[in-house]
Amino acid sequence: MNFYILTLFPDMVRELNTSIIGRAVQAGHLAIETVNIRDYTLDKHNRVDDYPYGGGAGMLMQAQPVYDAYQAVAERVGSRPRCIYLTPQGSTFTQAMAREYARETDLVFLCGHYEGIDERVLEEIVTDYVSIGDYVLTGGELPAMVMVDAISRMVPGVLTNQESGDFESFENGLLEYPQYSRPEEWMGRKVPPVLLSGHHKNIADWRQQQSEQRTKERRPDLWQRYLQRRQGETKEPGSFK
Ligand code: ADE
């Protein structure tokens with residue numbers, strides 16, 4: 001899977017090439033390319049922003065360099081890949097969206113700065129408007145990195161242990177159960193005895209119960225959805241995706 005990140009601050013995004021994502025890039029499962037929008041300006045002073053018509057605070061990124069940066073990617077890959085614009089005005093990013101995007105071969109992220117981007121180029125190239133939550137950041141780079149990380153781990157081969165994909169928070173609609181490693185006792189706190197029992201059925205039951213309790217307490221919204229889904233499944237087996 002190939003990610004192309006269109007940005008005015010490529011240095012912010014380069015740090016992605018570390019840890020699990022870095023390993024997946026090395027192994028050839030992913031490629032992450034940053035495209036500096038400023039490289040595409042036709043302005044003799046290298047400017048990429050200007051005042052908004054009608055007045056108002058701040059500067060806007062101009063259409064031309066953004067469009068040309070996208071076109072350069074499109075020409076190189078020989079198609080017009082999906083283009084995600086990171087904006088608080090978008091749909092809120094979810095695990096289901098990460099799974100869906102992971103099926104694409106090429107994905108472009110457009111990172112805005114200043115007060116935004118000229119609407120006309122958004123209409124021309126953007127296919128998806130995505131937010132990472134109801135708060136406002138100074139630019140789209142951090143949201144793009146969040147999305148690349150979440151999407152990457154859904155790409156086959158990126159996670160070595162298939163289990164970690166299957167059993168984690170949100171994959172089954174519940175939060176993950178608590179985990180423990182050595183020592184058996186730390187600061188007077190003991191590892192729950194069932195985990196030391198070697199009894200696989202009891203361990204699985206305990207983890208399920210912990211996941212449910214944790215979801216109920218910490219994410220009542222997810223718990224309600226989980227209950228509704230379970231009800232739907234008993235009525236119409238297999239109907240829920
Ligand atoms: N740009 C600024 N804030 C953002 C947010 N919350 N999500 C996505 N892009 C953004």
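**View 1. Around the ligand.** A polar backbone atom of Thr87 sits 3.1 Å from a nitrogen atom of the ligand, a polar contact in the sense of a pair of N or O atoms within 3.5 Å (within protein, one must be able to donate a hydrogen and the other to accept it, and residues adjacent in sequence count only if both atoms are side-chain atoms). Ile132 also offers a polar backbone atom, 3.0 Å from a ligand nitrogen, and a backbone N or O atom of Gly133 is 3.1 Å from a nitrogen of the ligand. On its own the ligand has 260 Å² of accessible area, and the protein covers 96% of it (Shrake-Rupley method, 1.4 Å probe; for residues, only the protein chains shown count as cover). Residues around the ligand, with a heavy atom within 4 Å of it, include Leu86, Pro88, Tyr135, Gly139 and Pro143.

A note before you look further: this is a predicted model, in which local features need pLDDT of at least 70 and side-chain atom pairs count only at pLDDT 80 or more, while totals for chains, interfaces and linings use all residues. Residues are numbered from 1 along each chain as its sequence is written, and side-chain values use heavy atoms, with hydrogens and water left out.

**View 2. His113 and its surroundings.** Look for His113 in the loop between β6 (106-110) and α5 (119-125); helices (H or I, at least four residues) and strands (E, at least two) are DSSP runs, numbered from the N terminus. His113 counts as buried because its relative accessibility is 12%, and buried means under 20% relative accessible area, exposed over 50%, partly exposed in between (1.4 Å probe, protein chains only). Its side chain reaches the backbone oxygen of Thr138 at 3.4 Å. Beyond its neighbours within four places in sequence, His113 is in contact (heavy atoms within 4.5 Å) with Phe9, Met61, Thr138, Gly139 and Glu141.

**View 3. Two nonpolar cores.** The largest nonpolar core holds 29 residues, of which Phe3, Ile5, Phe93, Tyr101, Phe109, Met147 and Ile151 touch the most other members. Such a core is a set of buried Ala, Val, Leu, Ile, Met, Phe, Trp, Tyr and Cys residues joined through side-chain atoms within 4.5 Å. Elements giving two or more residues to this core include β1 (2-7), β5 (82-92) and α6 (141-152), and α6 brings the largest share, six residues. Apart from this core lies another, of 21 residues, with Tyr4, Leu6, Met61 and Ile117 among them. In soluble globular proteins, nonpolar side chains tend to be buried together.

**View 4. Val126 in its loop.** Val126 belongs to the loop between α5 and β7 (128-131). With 12% relative accessibility, Val126 counts as buried. Not counting residues up to four places away in sequence, Val126 touches Cys83, Tyr85, Leu110 and Val121. Tyr70 is 56 residues from Val126 along the chain, and their C-alpha atoms are 9.8 Å apart.

**View 5. Backbone details to zoom in on.** Arg182 and Pro183 are joined by a cis peptide bond, with omega about 0 degrees, and Pro183 lies in the loop between α7 (162-166) and β8 (185-186). Ser19, in helix α2, has a positive phi near 55 degrees although it is a residue other than glycine. Ser19 is exposed, with a relative accessible area of 62%. Met187, in the loop between β8 and β9 (189-190), is not a glycine either, yet has a positive phi of about 50 degrees. Met187 is exposed, at 67% relative accessible area.
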